[in-house]
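Trainee: Could you take me closely through a single part of this structure, with the terms spelled out as you go?

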Amino acid sequence: MSGAQMDVVPNTEPVWLFGYGSLIWKVNFPYQEKVVGYVCGFSRRFWQGSTDHRGTPKAPGRVVTLVQSKEDRTWGIAYKVKPQDVSETMAYLDKREIDGYKTHQVEFFPAIPNHQPTMKVLVYIATETNPSYLGPTEMGALAQQIVNSRGPSGCNVEYAMELAKGMRGIAPHIQDTHLCELEAKIKELLQKRKLDETDGKEKLCACSYCS
Ligand code: BEZ
C-alpha cells in the first residue's frame, strides 16, 4: 500500500508514523506528539541505495530500510499526525522518500510508562525489487561507500552519523549492532582521510563530521 493510495479518502483519524532513519533527526512535518518505542520482527539495515538524496545515480549512497528478522526489534520514534495534516504529510514523505519505499502498517510498542500498550503505525520500507535496492554488504565496503558518497541533501556521512547520534539520544540503553559497527568503521575511515588531507590530498567535504 503506498501513501498516495491512502489519500483518496479524507482522513478523520490521526495517523502515527514510525521513523527509524532520517525521521529520527530531521522532521519536516507537523506532529502533535512523539513517542519513543520499537517495532518487532525487523532489523534496521543500510541496504537501500540513495541516488537522489545522499548519493547520485552514478554513485549511490546508502540509507536505511527495515528487513524482516523474527527475533529482532528496531527502535525509533512514532509521530502522531493530526487528521487534517495527514494528506499533506504523506504527500511530502512520498515525495521525499520516493526512491523505492512503500508504506506498511505495523504494531508499535511505546516505551513510556502509562502509554497505551501498542498501536498501529505506518512505516516506510524499501521493496527488495526497487532499482535502488543494494542489499547485504560487508561492513567495511558499506562504510567506504558512505564515506565516498554525497548527493543533493548532503553527504552520506552526515546521514549515518546523525542517525547514530539520534539513536543514542532517544534510546541510550539500546545497542543497534549494525549501526554501531558502521559508525565505528566510518570514524576509522574519516581519520584515515583526514591524515591523507594533511598529506595534501583534496578535501572532499566540509561538514562537521568530515572535517
Ligand atoms: C525514516 O524512518 O526515517 C524513514 C526511513 C525510510 C524512508 C522514509 C523514512
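Mentor: What follows is a look at one strand residue, threonine 65, and its surroundings. This is a predicted model, in which local features need pLDDT of at least 70 and side-chain atom pairs count only at pLDDT 80 or more, while totals for chains, interfaces and linings use all residues. Residues are numbered from 1 along each chain as its sequence is written, and side-chain values use heavy atoms, with hydrogens and water left out.

Threonine 65 is found in strand E3 (strands, E, of at least two residues, and helices, H or I, of at least four, are DSSP runs numbered from the N terminus). E3 belongs to a closed barrel of five strands with mixed pairing, in the order E1-E3-E2-E4-E5, where two strands pair if DSSP finds at least two bridges between them. E2 and E3 pair in the antiparallel sense over 15 bridges, and arginine 45 stands opposite threonine 65.

At 0% relative accessibility, threonine 65 counts as buried (under 20% relative accessible area, with exposed over 50% and partly exposed in between, for a 1.4 Å probe and protein chains only). Leaving aside neighbours within four places in sequence, threonine 65 is in contact, meaning heavy atoms within 4.5 Å, with residues including Tyr20, Arg45, Trp47, Tyr101 and Ala126. A polar atom of the threonine 65 side chain lies 2.9 Å from the backbone nitrogen of alanine 126. By contrast, lysine 58, in the loop between E2 and E3, is exposed, with a relative accessible area of 84%.

Definitions and conventions: A polar contact is a pair of N or O atoms within 3.5 Å; within protein, one must be able to donate a hydrogen and the other to accept it, and residues adjacent in sequence count only if both atoms are side-chain atoms.
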